[in-house]
Amino acid sequence: DEIINGICRRMKLDYSKFTRLQIMSLEAIRQTLTSLNKNSLGSKKIAMVLGCGWLDKQSSYYQLLDEQPSLEDYVRKNLKKDDADKVIRRLRGFFLKLKNNLNPSTDVIITPSLFKNAERIFGHKIEGCLIDAACASSLAAIDIAVKKLKARQSDIVLTGGIDSNLGVENFIIFSKSGTLARKRCYPFDTKSDGLSQGDGAVIFALQRLEDAIKYNNKIYGIIKSCGSSSDGRGSSLFSPNVVGQIRALTQAYE
């Protein structure tokens with residue numbers, strides 16, 4: 001929260017009117033845009049393609065509000081009257097506080113509203129979309145960003161991944177599917193027994209190489225090619241298919 005509050009002060013954002021996901025993403029966009037020379041922005045066609053598999057965790061609070069009647073009913077049926085009355089009073093206090101802290105505006109809750117807010121704050125016309133490819137969302141977004149640049153549909157594409165859903169139900173989903181690491185995650189290591197969850201926003205500015213050179217933008221790396229494959233016919237979403245992995249690499253190197 002200290003970091004989020006710091007971002008809000010720097011960007012002069014009202015914390016109560018944005019979700020954590022929006023605030024992190026807007027800061028990442030700011031950093032990305034300020035890393036470009038101003039003359040490379042101008043009237044250029046700017047697009048934003050971001051990997052995002054979940055809504056902000058605040059959306060789960062709205063679902064929780066709908067459960068208040070059923071929770072009170074459960075308490076009344078399973079506790080003695082005096083105990084039930086005490087628990088229900090505490091429940092109602094909790095839900096009242098929750099309602100007062102929630103911002104009902106769809107400009108905040110619906111994730112694609114990020115593009116409208118980015119246009120308003122940074123003053124650039126931005127064509128945007130979100131990509132959901134589960135844990136491959138950011139990679140899929142970069143793949144599409146490259147295609148847009150090659151097709152000359154865009155001159156600059158802001159792309160990467162954003163996620164801020166560390167709600168309880170999210171952990172339950174990954175736990176029940178057997179994909180959550182018991183202790184810690186070891187990426188690309190045989191001793192790893194699952195994944196770890198976190199939140200953040202990582203956004204790159206992609207340009208065609210000749211444009212990056214022309215406008216004297218700092219070049220951190222060059223994407224020569226992308227390849228992708230769906231392993232849907234394999235055993236499951238959580239078990240990549242070797243044939244599919246080879247197909248994706250072959251497509252990229254060809």
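Partly exposed, as used in these legends, means a relative accessible area between the buried limit, under 20%, and the exposed limit, over 50%. The views below come from a predicted model.

**Figure 1. An overview of the whole chain, with eleven helices and four strands.** The protein has 254 residues, and 36% of them count as buried. Taken along the principal axes, its C-alpha atoms fill a box of roughly 75 × 45 × 25 Å. If you're hunting for disulfides, the count is zero. The next view takes up two of the cysteines.

**Figure 2. Cys129 and Cys185, two cysteines without a bonding partner.** A disulfide is a covalent bond between the sulfur atoms of two cysteines. To be called one here, the two sulfurs have to sit within 2.5 Å. Which cysteine sulfur comes closest to that of Cys129? It belongs to Cys52, but at 11 Å the pair is too far apart for a bond. Cys129 has 32% relative accessibility, so it falls in the partly exposed class. For Cys185, the closest cysteine sulfur is in Cys135, and the 10.0 Å between them is again too far for a bond. Cys185 is partly exposed too, since its relative accessible area is 24%.

**Figure 3. Helix H5, with a buried face and an exposed one.** H5 takes in residues 81–101, 21 in total. With 1.5 Å a residue, you'd expect a span of 30 Å, and the C-alpha atoms at its ends are indeed 30 Å apart. Ala84, Ile88, Leu91, Phe95 and Leu98 are the buried residues to look for. Looking down the axis of H5, you'd find its buried residues within an arc of 85°, so they line one face of the helix. What sits on the face turned away from the buried side? There you'll see exposed residues, namely Asp82, Lys86, Arg89, Arg90, Leu96, Lys97, Asn100 and Asn101.

**Figure 4. Helix H7 and the glycine that follows it.** H7 covers residues 113–122. Its buried residues are Ser113, Leu114, Phe115, Asn117, Ala118 and Phe122. Right after H7 comes Gly123, with a positive phi near 75°.

**Figure 5. The second largest pocket, with a volume of about 860 Å³.** The lining is made up of 29 residues, and those closest to the pocket centre are Phe204, Ala205, Leu206, Gln207 and Gly221. Four elements each give two or more residues to this lining: helix H2 (20–34), helix H8 (137–150), strand E4 (200–207) and helix H10 (209–214). Which element gives the most? That's E4, with seven residues. As for chemistry, the lining of the second largest pocket divides into 18 nonpolar, six polar and five charged residues.

**Figure 6. A closer look at Leu206 in strand E4.** Leu206 is among the residues closest to the centre of the second largest pocket. Is Leu206 buried or exposed? With 15% relative accessibility, Leu206 counts as buried. Ile219 is 13 residues away along the chain, and the C-alpha atoms of Leu206 and Ile219 are separated by 9.5 Å.

**Figure 7. Phe188 and Asn216, two residues with a positive phi.** Most residues other than glycine have a negative phi. Phe188 isn't a glycine, yet its phi is positive, at about 60°. You'll find Phe188 in the loop between helix H9 (168–176) and E4. Its relative accessibility is 93%, so Phe188 counts as exposed. Asn216 isn't a glycine either, and its phi is also positive, at about 60°. Where does Asn216 lie? Look in the loop between H10 and helix H11 (242–253). Asn216 is exposed as well, because its relative accessibility comes to 63%.

**Figure 8. Ser239, in the loop between H10 and H11.** Ser239 counts as partly exposed because its relative accessibility is 30%. How far apart are Ser239 and Lys214 in space? Going from C-alpha to C-alpha, the two are 43 Å apart, with their positions 25 residues apart in sequence.

Technical notes. Residues numbered from 1 in each chain as written. Predicted model: local features only at pLDDT ≥ 70, side-chain atom pairs only at ≥ 80, totals over all residues. Heavy atoms only, no water. Buried < 20%, exposed > 50% of the residue type's maximum accessible area, 1.4 Å probe, protein only. Expected span 1.5 Å × (residues − 1). Arc of directions from axis to C-beta. 1 Å grid on protein atoms, 1.4 Å probe; cavity = no way out; pocket = protein on both sides within 12 Å on 5 of 7 lines; lining within 4 Å. Points joined across faces, edges and corners; volume = space filled by probe spheres on them. Nonpolar A, V, L, I, M, F, W, Y, C, P; charged D, E, K, R; others polar.
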